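Reader: I would like to go through this model term by term. Please set each label against its cut-off.

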Amino acid sequence: MTSTLPIPMSLIDLHCHSTASDGVLAPAEVVRQAVTRGVAVLALTDHDEVGGLAPAREAARAEGITFVEGVEVSVTWRAQTLHVVGLGIDPSHPQLTAGLAGLRAGRRERARAIAAELARCGIHGSLEGAYAHARNPDLIGRTHFARFLVQQGVATDVKGVFQRYLAQGKPGYVPHPWASLEQAVAWIRASGGVAVLAHPGRYRLSSGAMEALLAEFRNWGGMGIEVVSPNHSLDDTRRFAHLAVRFGLAASAGSDFHSPEESGLSLGVLPPLPEECRPIWSALGLG
Ligand code: AMP
Ligand code: MN
Ligand code: MN
Ligand code: MN
């Protein structure tokens, strides 16, 4: 038997993806994997889609873990794409479902434009190819293109495809207007949820712009920011813990799990929140 290194395990994981968006595991399978990793409180937060929540909730009930209804809303703020996680939402709330339906329609338009750009680079058939990787035909994203391009041998892994074709500034990147920050927070709040700014360390913003973003987010009714995220270095974690306290925002933690193969981190494998943080799960009434 091989010995395993001690991994910091969190009982709480409030950010992950299923086949309802760009994850590779079905919603119920995400829940079962989380349970095997020791997760006791799980939020499924698919991109612009709540269709995975019912099967995930059912699996969580069967497994006896606490399930938090979630979503990750795509936002454009000052020409940057940001993600806002909604936690404790009502997935049937009409304002939320209408907003998300609009974002998914925009994704279909963008997908056609991405395929046209890739065709200009000599990569043909990527629209059909991407849809073949989309388990939910109503939610198409760049990761589906990336998986098709890996299959075509354009790069060895998804990350490599993003670096060459799909990241901002690369030839297959298509700028897209998502929801406004105000809309995203309003939809989440209207449905009874709390809004959390996802992986702030990933955004290329000056410190002044980051502070303006946090102030604006809080002003619209945003409640928290992800402090613990695999997208964050230890320095990022310290920085955002400090900013959360300064801006009166609660702190969240999530693995942003997509696939056992593609991401470095697994469900629930997260360091603890820095001590000065006020955990978002208190705001959610989860202790
Ligand atoms: P989309 O919302 O369709 O524009 O796609 C965003 C998703 O693409 C993110 O949630 C990640 O799953 C994935 N992604 C973005 N950048 C990268 C990257 N550099 N490497 C791998 N995956 C990425
Ligand atoms: Mn994703
Ligand atoms: Mn994200
Ligand atoms: Mn995510």
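Reader: What makes glycine 102 buried, exposed or partly exposed?

Author: Its relative accessible area is 43%. Buried means under 20%, exposed over 50%, and partly exposed in between, with a 1.4 Å probe and protein chains only. Glycine 102 is therefore called partly exposed. The residue lies in helix α3 (residues 94–120). Its C-alpha atom is 9.1 Å from that of aspartate 48, 54 residues away along the chain.

Reader: What are the ground rules for the model and its numbering?

Author: This is a predicted model: local features need pLDDT of at least 70, side-chain atom pairs count only at pLDDT 80 or more, and totals for chains, interfaces and linings use all residues. Residues are numbered from 1 along each chain as its sequence is written, chains are lettered from A and ligands numbered from 1 in the order in which they are written, and side-chain values use heavy atoms, without hydrogens and water.

Reader: Why are Asp22, His47 and His258 called donors of the manganese ion (ligand 2)?

Author: Donors are N, O and S atoms within 2.8 Å of the metal, or 3.2 Å for Na, K and Ca; water is not among the atoms, so sites may look incomplete. Asp22 (OD), His47 (NE2) and His258 (NE2) coordinate ligand 2 at 2.1 to 2.2 Å. Those distances are within the cut-off, so the three qualify. Their spacing in sequence is D-x24-H-x210-H. Aspartate 22 is in the loop between β1 (12–13) and α1 (27–36), and histidine 47 is in the loop between β2 (41–44) and α2 (53–63), 25 residues apart. Aspartate 22 and histidine 47 are both buried.

Reader: Which residues are the protein donors of the manganese ion (ligand 3)?

Author: They are Glu72 (OE), His83 (ND1) and His199 (NE2), 2.1 to 2.2 Å from the ion. The sequence pattern is E-x10-H-x115-H. Two of these donors link distant parts of the chain: glutamate 72 in strand β3 (residues 66–77) and histidine 199 in the loop between β5 (194–197) and α8 (207–219), 127 residues apart. Glutamate 72 and histidine 199 are buried. Ligand 3 is 5.7 Å from the manganese ion (ligand 2).

Reader: Which protein donors does the manganese ion (ligand 4) have?

Author: His15 (NE2), His17 (NE2), Glu72 (OE) and Asp256 (OD) lie 2.1 to 2.2 Å from it. Their spacing is H-x1-H-x54-E-x183-D. Histidine 15, in the loop between β1 and α1, is 57 residues from glutamate 72 in strand β3. Histidine 15 is buried, as is glutamate 72. Ligand 4 is 4.7 Å from the manganese ion (ligand 2).

Reader: How do you know that β3 and β4 pair?

Author: Strands are DSSP runs of E, at least two residues long; helices are runs of H or I, at least four, and both are numbered from the N terminus. Two strands pair if DSSP finds at least two bridges between them. Here 8 bridges join β3 to β4, so the antiparallel strands count as paired. Valine 75 stands opposite leucine 82 in β4. The hairpin has 2 residues between the strands, and its arginine 78 takes a positive phi near 50°.

Reader: Why is strand β4 called largely enclosed?

Author: 7 of the 8 residues of β4 (residues 80–87) are buried, so the rest of the structure largely encloses the strand. On to its pairing with β5: 4 bridges join these antiparallel strands. Valine 84 has leucine 197 in β5 as its bridge partner.

Reader: What makes β1 and β7 edge strands?

Author: Each pairs on one side only. The sheet is open, has 7 strands and mixed pairing, and runs β1-β2-β3-β4-β5-β6-β7. Within it, 4 bridges join β2 to β3, which run parallel. Leucine 44 stands opposite glutamate 69 in β3.

Reader: How do you know that aspartate 22 makes a polar contact with ligand 1?

Author: A polar contact is a pair of N or O atoms within 3.5 Å; within protein, one must be able to donate a hydrogen and the other to accept it, and residues adjacent in sequence count only if both atoms are side-chain atoms. An N or O atom in the aspartate 22 side chain is 3.1 Å from an oxygen atom of ligand 1, so the pair qualifies. Arginine 107 places a polar side-chain atom 2.8 Å from a ligand 1 oxygen. For histidine 258 the distance from a side-chain N or O atom to a ligand 1 oxygen is 2.9 Å.
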